[in-house]
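I opened this model to look up where the ligand sits and what surrounds it. My notes follow in the order I checked things.

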Amino acid sequence: MAFDGERASSMVEELRGSFSTGKTRGYEWRAKQLKAIERMINEKEEDIVEALRSDLSKPHFESFLHEVSMAKSSCQFALKNLKQWMKPEKVSSSLSTYPSSASIVPEPFGVVLIISAWNYPFLLSLDPVIGAIAAGNTVVLKPSEISPATASLFTRILPDYVDTSCVRIVEGAVPETTALLEQRWDKIFYTGNGKVGRIVMAAAAKHLTPVVLELGGKSPVVVDSDIDLKVSTRRIVVGKWGSNNGQACIAPDYIITTKSFAAKLVDALKSTLEEFYGKDPLETEDLSRIVNSNHFTRLANLLDDDKVSGKIVYGGNLDEKRLKIAPTLLLDVPENSRIMKEEIFGPLLPIITVDKIEDSFALINSRTKPLAAYLFTKKKNLQKMFVETVSCGGMLINDTTLHLANPYLPFGGVGESGTGSYHGKFSFDAFSHKKSVLSRGFGGEVSARYPPYTPWKQNLLRALLAGNIISVVMALFARRS
Ligand code: NAD
């Protein structure tokens, strides 16, 4: 039976019913689900790795490091901190509300929809689910149809571990997602491209549903000449090709360096690539393949552009049958080429040059705001300038992609690269409404609040609101005299 609007509507209704029983609100339910998810990750590790191999030929090492162990860490971090996160946060009261006590109480939104992408299909699905459950919500997960093995693995295994009256999975593509998006959700969390991000936001607007949009963009790497060249190139190469062969939202998209340093950098990148992936990288098992033929053709077309012909300085080999593309470096590609206009999301890395390294910051800011930005330099003043002037979702100095592994940092974009963030406590916050609670007793009456409004009352209130004790005393005195 097709998953249509009717089925989507009854699923949401059921989840709303479960939410209204209040069972997801307590610590016990949340902790039980999180422990079960952790157990699932432990018990099903081999199945997860196998599904990722089937969807992307993802190397075992990367599947373990970037998907299995990161999802497990998220779960463990949430379990360790959940009690603390759930506590109301006491805040100060102001003079104008005296006497009173004030707190911020996190409450679950209710029924949330998570739509995830194909490139880290296990982590990008489960990580937000962990946040949504930690925050006490009921959840529908819609994994990506482009990674079908992982999507169907979720359908097979997740129901054996979690409370299915509160957590559901819907497999499907555009029609199923459209049916889901027609429903009224209390929060929508979407990971994917900005075009669909706009569809999600428009659907959410109909019900005034808040959204988190985890999008992408062209994440630049600025490389100064004052660096440890060997360490820098290793970190650039592993961040680009060791992240799903460039099919990662925060993989370096292009490099900016100076004209005078470019040749040296290209040589160093070439020798690191050869050290990591050998002389024929199409044969290595340490690189993922391109996810499908549509994406393969998209990437092949980026290379097959008059504007970039003659610019390939390394790689450029393609194997359409096996959906493989070798790590490819391009030097001095024009800014108006397609490869410099679109997010690459694959193993191609263009390098553009500037006269002075400082010029790269204005260049980045002249484009749409990227999800990540990287800088390699030993110069402290350049690092400071980078932090102070470049606008992006998150940045990292002297490495690539690792900022995502710190649960104390929010992960998300800004502008075209997204809105909202998650990871660690930020995941809990993304799925919680911060309810303000002000509580008063019956004493401490200030009759000046009440009509009839007289000049002395206004003077007293002005003094109170200004926090000026002398004026308060004077206003009270004026009333008596
Ligand atoms: P995708 O094709 O898997 O699409 C994402 C989701 O949107 C899927 O679940 C899909 O079913 C749904 N979808 C597709 N078309 C739709 C439509 N017309 N209406 C409703 N739903 C629709 O993934 P993708 O977009 O190719 O993912 C790659 C993009 O995601 C890149 O831009 C990348 O940078 C970004 N990304 C961002 C993050 C992040 O954390 N910020 C992580 C991964 C990927």
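Entry 1, location. The model is a predicted one. I looked first at the domains around the ligand: domain 1 (5-215 + 423-434) and domain 2 (220-412) both give residues to its shell, so the ligand lies between them. I noted that the protein is divided into these two and domain 3 (449-480). For the spacing, I took the centres of domain 2 and domain 3 over C-alpha atoms and found 64 Å between them.

Entry 2, shell. How many residues surround the ligand? I have 27, and the closest are S144, E145, N193, L215 and E343. Sorting the shell by class, I wrote down 15 nonpolar, eight polar and four charged residues.

Entry 3, polar contacts. I then checked individual atom pairs. An oxygen atom of the ligand lies 2.6 Å from a side-chain N or O atom of E145, a residue I had already listed among the closest. For W118, I found 2.9 Å between a ligand oxygen and an N or O atom of the side chain. At S116 the partner is a polar backbone atom, 2.8 Å from an oxygen of the ligand.

Entry 4, burial. I looked up the ligand's area next. Taken alone the ligand exposes 850 Å², and the protein buries 92% of that.

Entry 5, pocket. Which pocket does the ligand take up? I recorded that its space is the largest pocket. The elements that give two or more residues to the shell are α7 (174-181), β6 (187-191) and α8 (194-206).

How values were computed:
Residues numbered from 1 in each chain as written. Predicted model: local features only at pLDDT ≥ 70, side-chain atom pairs only at ≥ 80, totals over all residues. Heavy atoms only, no water. Near = heavy atom within 4 Å. Polar contact = N/O pair within 3.5 Å; in protein donor to acceptor, adjacent residues only side chain to side chain. Areas by Shrake-Rupley, 256 points an atom, 1.4 Å probe, with all protein chains shown as cover. 1 Å grid on protein atoms, 1.4 Å probe; cavity = no way out; pocket = protein on both sides within 12 Å on 5 of 7 lines; lining within 4 Å. Sits in = over half its atoms within 2 Å of the grid points. Helix = DSSP H or I, 4+ residues; strand = E, 2+ residues; numbered from the N terminus. Nonpolar A, V, L, I, M, F, W, Y, C, P; charged D, E, K, R; others polar. Domains from an automatic or database assignment.
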